[in-house]
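I opened this model to record how its parts are arranged. My entries follow the order in which I looked things up.

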Amino acid sequence: MMISNIRRKIRAELELPRDQRRFGTGWLAGTGGLAAAVAALALTVCLQFPDLLTTPELQRLTMAGWFRIVIMVLLIHAFACAILSMVLRPNRTLAITTLAVVLIASILGALHLRTDAVATSGIFLGLDFFILNLIFLGFIFIPLERLVPQHPDQTVFRTEWREDLFYYLVSSMMVQVLSFLTLAPSGFILAKADLSATRNFLGNLPLIVQIILIMILTDFVQYWLHRAFHRVPALWRFHAVHHSAQTMDWLAGARMHFLEVIILRAVTATPMFVAGFSETALQAYILIVYVYSSILHSNIRVEPKWLSGILATPRFHHWHHGVEREAIDVNFAIHFPLFDRIFGTHHLPDGKWPSGYGIEGHPVPKGYWRQFLYAFGRG
Ligand SMILES: [Zn+2]
Ligand SMILES: [Zn+2]
């Protein structure tokens, strides 16, 4: 009862309309402090249970001595923000919550943190990947969406931000499962076919060439898979979850049914593993996809004209999410609009944006689990 009360209060504070959260009201300090405190707490928990919660690829980073200093800086920042917010703001909800989280993180952090790299052979959840990714993308997109927004009234804590954040958490936590799903079929194919000549050739190309090739090949495969998700009714129920977003921002792209994420990753990444691209190129591509997906869904109106002919832009993908009739089944590509031009699905009316987002009649229910079941025909 008390917890749900506190949650309601925090949510009300975070979701305040723009005019009530102006600079100087203490809202920014309260929110920034709380975000830093929660990130520090999550990273502290990661370091307490490194073999369960950290990503092996990130351990060189998270297990380094200076990483504790990063956490400490986050905590000090959170503490300072909470004090500032307390001075400026009569409503103390954010400040007190921040202080409580800072206290819990400090107590946890004072316990023995492991800084030795741990061999994670068993199951792990990429909580560190989620937090670091969120900090990185948040630093880029929150200011950009404020500076050059397409929808100026839209705020960070807009409708259903918690749902989309949860989608983001689930897909990041499942990095291990997802990479296993792509590695297993690749191993199977490689055992059957001798592709050493192609693999040697592609694997030795300059890194940048490999990355561009991966982008082109993946986008081709992704284009047709995406189109199938729109055309086949059974698949559409899964993809409809992604299209149920009625607000577009850097986080909205994370809304994707778990099964679709698995299919998408397996189908697009398997050919790249098999083809023999270097691990560095494939990992770089994964990072590019995370950033690129945020760009495509972001609430950013800037669109250099020369670029929009070559690369997919927010406006290009926003049309894919548009509610109007003309936006149905257009712009399937993720990187190169050329695929849509070639296959006749390109739609980018000069300077125009769609009037709204979502599916006509909004058939998809709200909430992660209801959407999860809806896709299987149970909602
Ligand atoms: Zn779609
Ligand atoms: Zn999308």
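I took domain bounds from an automatic or database domain assignment. That assignment gives domain 1 (2–120) and domain 2 (175–374), and I found their C-alpha centres 32 Å apart.

I note that this is a predicted model: local features need pLDDT of at least 70, side-chain atom pairs count only at pLDDT 80 or more, and totals for chains, interfaces and linings use all residues. Residues are numbered from 1 along each chain as its sequence is written, while chains are lettered from A and ligands numbered from 1 in the order written.

I looked up the secondary structure, taken as DSSP runs numbered from the N terminus (helices H or I, at least four residues; strands E, at least two). The protein has 18 helices and zero strands.

I then examined helix α5 (residues 65–88): its end C-alpha atoms are 36 Å apart, which agrees with the 34 Å expected for 24 residues at 1.5 Å a residue, the expected span being 1.5 Å times one less than the number of residues.

I next turned to the largest nonpolar core, meaning buried Ala, Val, Leu, Ile, Met, Phe, Trp, Tyr and Cys residues joined through C-beta atoms within 7 Å. I counted a residue as buried if 20 or more other C-beta atoms, placed from the backbone, lie within 10 Å of its own (exposed: 12 or fewer; partly exposed: in between). This core has 51 residues, and Ala37 and Ala78 are among those touching the most other members. Helix α2 gives the largest share, 12 residues. Both domains contribute residues, so the core lies between them.
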